[in-house]
Amino acid sequence: LLSVLLALTQYHGFRLLLEGRRLTVERGLLTRLRTSVSQRRIQAWTLREGLVHRLLRRRSLRVDTAAGIGEGGEQRGLREVAPIATPASCDLLVRELLPGAAWPPVGWRQLHPRAWQRLALPGVALAIAAAAAACWWFGPIGLLALAWAPWAIHAARQHARRAGYALDGRLLAVRAGWWSRYWRFAEIDKIQALRLERTPLDHAFGMASLWLD
């Protein structure tokens, strides 16, 4: 009940306005807030779809803006473009605010076929270690901790199956998540730096991670 009350107070009268090249949000019941940002300062976009969102067929759309980070790492200024909306409305907003961009992408690329093994290994190793420690303290009943291993493998398969990336002449996008899903994308000319990362485990599987700022 408290979370519902806070949401009503925070988002009452929510309005999204496009004034020239500035995106403006007005919201709030007790305190009326008005935040805006130039479209050229938007660096990245995030679509999120939690479990409850999926049940209600809703998503949220957020943006990361340049020069909007406070001392504690929190983002200042405009962040939520659509706190809750239908998937079709979110896609329409993206296409309207990024003219000429193809969204949603049509050419999603899948991860490596063995990516699920790489994702499952830490969970399986944790289950084995937990079972060994439990058996040391509690005897054979500690083997019950191994029940986590099949779940870790199943979750890894689901994550790997749904994860992917897409690249065209305008946007770079990634998607991930199983129960809670997200799509994160940015214009290519907004990318500042790349970092290729390979851990010893990545070397063993012949894989790597590419990070973008």
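**Charges, overall form and two helices**

Biologist: How many positive and negative side chains does the protein have?
Modeller: There are 30 positive and 15 negative side chains in this predicted model. The centres of the two sets are 6 Å apart.

Biologist: Which helices and strands should I expect, and how many?
Modeller: The protein contains 6 helices and 12 strands. Its radius of gyration is 21 Å, well over the 17 Å from the globule rule for 213 residues, so the protein is more spread out than a compact globule. The C-alpha trace spans about 65 × 45 × 35 Å along the principal axes.

Biologist: How much of the protein counts as buried?
Modeller: Of its 213 residues, 33% are buried. The exposed area is about 13,700 Å², and carbon and sulfur atoms supply 63% of that.

Biologist: Turning to helix α1, how many of its residues are buried?
Modeller: The count is 0 among the 10 residues of α1, which runs over residues 2–11 and is hardly covered.

Biologist: And what follows α1?
Modeller: Gly13 comes after α1, and its phi is positive, near 70°.

Biologist: Which residues of α5 are buried, then?
Modeller: In α5 the buried residues are Ala149, Ala152, Ala155, Ala156, Gln158 and Ala160.

Biologist: What covers them?
Modeller: The cover for the buried residues of α5 includes β7 (109–110) and α4 (115–138).

Biologist: What span should helix α5 have?
Modeller: Helix α5 has 15 residues, 148–162, so at 1.5 Å a residue it should span 21 Å. Its end C-alpha atoms are 21 Å apart, which agrees.

Notes
Residues are numbered from 1 along each chain as its sequence is written. This is a predicted model: local features need pLDDT of at least 70, side-chain atom pairs count only at pLDDT 80 or more; totals for chains, interfaces and linings use all residues. Side-chain values use heavy atoms; hydrogens and water are left out. Helices (H or I, at least four residues) and strands (E, at least two) are DSSP runs, numbered from the N terminus. The radius of gyration is taken over C-alpha atoms; the globule rule is 2.2 Å times the number of residues to the power 0.38. Buried means under 20% relative accessible area, exposed over 50%, partly exposed in between (1.4 Å probe, protein chains only). Accessible areas come from the Shrake-Rupley method with a 1.4 Å probe; for residues, only the protein chains shown count as cover. Lys and Arg count as positive and Asp and Glu as negative; His and the chain ends are not counted. The place of a charge is taken as NZ of Lys, CZ of Arg, CG of Asp or CD of Glu. The expected span of a helix is 1.5 Å times one less than its number of residues. Contact means heavy atoms within 4.5 Å.
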